[in-house]
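Subject: Structure handover and findings

Dear colleague,

I am passing on the structure we discussed, together with my notes on it. Please open it alongside this message as you read.

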Amino acid sequence: FSLIMLCFLVLKEFLLYQITLKLSSQTDSNKSTINLQELNYINDLLITFIALCVFIGTLKFLRIINFNTNMKYLIQTLQASFFELFNFFIILFFIWFGFVNLFFMYLNDKSKDFSSLLRSIYTSFLMILSNFDISNFFAQQSLLGPFLFIGFSLCIVLILFHMFIAILSENFIRQREIMIAKRIDDEKYKMRMFDFIKMKLS
């Protein structure tokens, strides 16, 4: 697939070069339409083959990762903590969306970042990622805005994300103990099998 993708890429660049030459050779008196349908079709095929290559590469990568014991720990940890994480993300969503509505209701006419519900969602998400202009926000909102921001940061960033880390850590420790016990049992089983074969051969 990668060779076919490379061929389509070369063909696309060649067609793009021809179209560029046609555009540069046109004058004001000699204007004609340029058909971009073939270039669009080649581009769609190229994107399809890129997606196939990425999909096959991801499958191969997951197959290689399956042999790594650390990835087994991670996968089993996520499987064991699925219901706890599901409940946690429901609670996180309700608290986060409550703050989004609070920001929207209080700041919709005072700040451009919270002028609509969608902008409030976007800005609140940026606040979680710490990619938010705090100085401008504090300059516009001198009374209740800083208290809302501090409450949001304490509740979402500190408390809830630490709960997330605690859920994962607890399940990771439990799964690691299970894997170590299983490995010890497997080694004992192999030793018993080895002793049995040794006894039968002697």
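Below is an account of the chain as a whole, followed by one helix and a few residues elsewhere.

Please keep in mind throughout that this is a predicted model. The protein chain has seven helices and zero strands, so that reading from the N terminus the order of elements is simply α-α-α-α-α-α-α. Of its 202 residues, 21% count as buried, and the accessible surface comes to about 15,200 Å², with 69% of that area belonging to carbon and sulfur atoms. When contacts between residues at least 6 apart in sequence are considered, 65% of them join residues at least 24 apart.

Most of my notes concern helix α4, which covers residues 82-107. This helix has 26 residues and reaches 36 Å from its first C-alpha to its last, which is close to the 38 Å expected at 1.5 Å a residue. Along α4, the buried positions are Leu 85, Phe 88, Leu 92, Trp 96, Phe 99, Val 100, Phe 103 and Leu 107. A nonpolar surface patch of about 690 Å², on the other hand, is made by Phe 82, Phe 83, Phe 86, Ile 90, Phe 93 and Phe 94. Ile 90, which lies in α4, is partly exposed, with a relative accessible area of 34%, and it can belong to the patch because membership asks for over 30%.

The structure holds eleven aromatic pairs. One of these is formed by Phe 82 and Phe 86, whose rings are stacked at 6.3 Å centre to centre with 20 degrees between the planes. The two residues are four apart in helix α4, and are therefore separated by about one helical turn. As a general matter, an α-helix has 3.6 residues a turn, so residues three or four places apart point the same way. Both members of the pair are partly exposed, Phe 82 having a relative accessible area of 49% and Phe 86 one of 47%.

Phe 93 and Trp 96 form an aromatic pair as well, but a tilted one, with 6.4 Å centre to centre and 50 degrees between the planes. Being three residues apart in α4, Phe 93 and Trp 96 are likewise separated by about one helical turn. Here the two partners fall into separate classes of exposure, since Phe 93 is partly exposed at a relative accessible area of 42%, whereas Trp 96 is buried at 13%, the limit for buried being under 20%. Phe 93 and Trp 96 also belong, with Phe 94 and Phe 97, to one aromatic cluster.

Leu 107 is also part of helix α4, and it is buried, with a relative accessible area of 0%. Its C-alpha atom is separated by 9.7 Å from that of Leu 144, a residue 37 places away along the chain.

Outside α4, I looked at Thr 123, which is found in helix α5, residues 117-128. At 4% relative accessibility, Thr 123 counts as buried. Once its neighbours within four places in sequence are left aside, Thr 123 is in contact with Asp 113, Phe 114 and Phe 132.

With best regards

Conventions
Residues numbered from 1 in each chain as written. Predicted model: local features only at pLDDT ≥ 70, side-chain atom pairs only at ≥ 80, totals over all residues. Heavy atoms only, no water. Patch = residues over 30% accessible without salt bridge, like charges linked within 9 Å, V, L, I, M, F, W, Y side chains within 5 Å. Areas by Shrake-Rupley, 256 points an atom, 1.4 Å probe, with all protein chains shown as cover. Salt bridge = Lys/Arg side-chain N within 4 Å of Asp/Glu carboxyl O. Buried < 20%, exposed > 50% of the residue type's maximum accessible area, 1.4 Å probe, protein only. Expected span 1.5 Å × (residues − 1). Contact = heavy atoms within 4.5 Å. Phe/Tyr/Trp six-rings, centres within 6.5 Å; stacked < 30°, edge-to-face > 60°.
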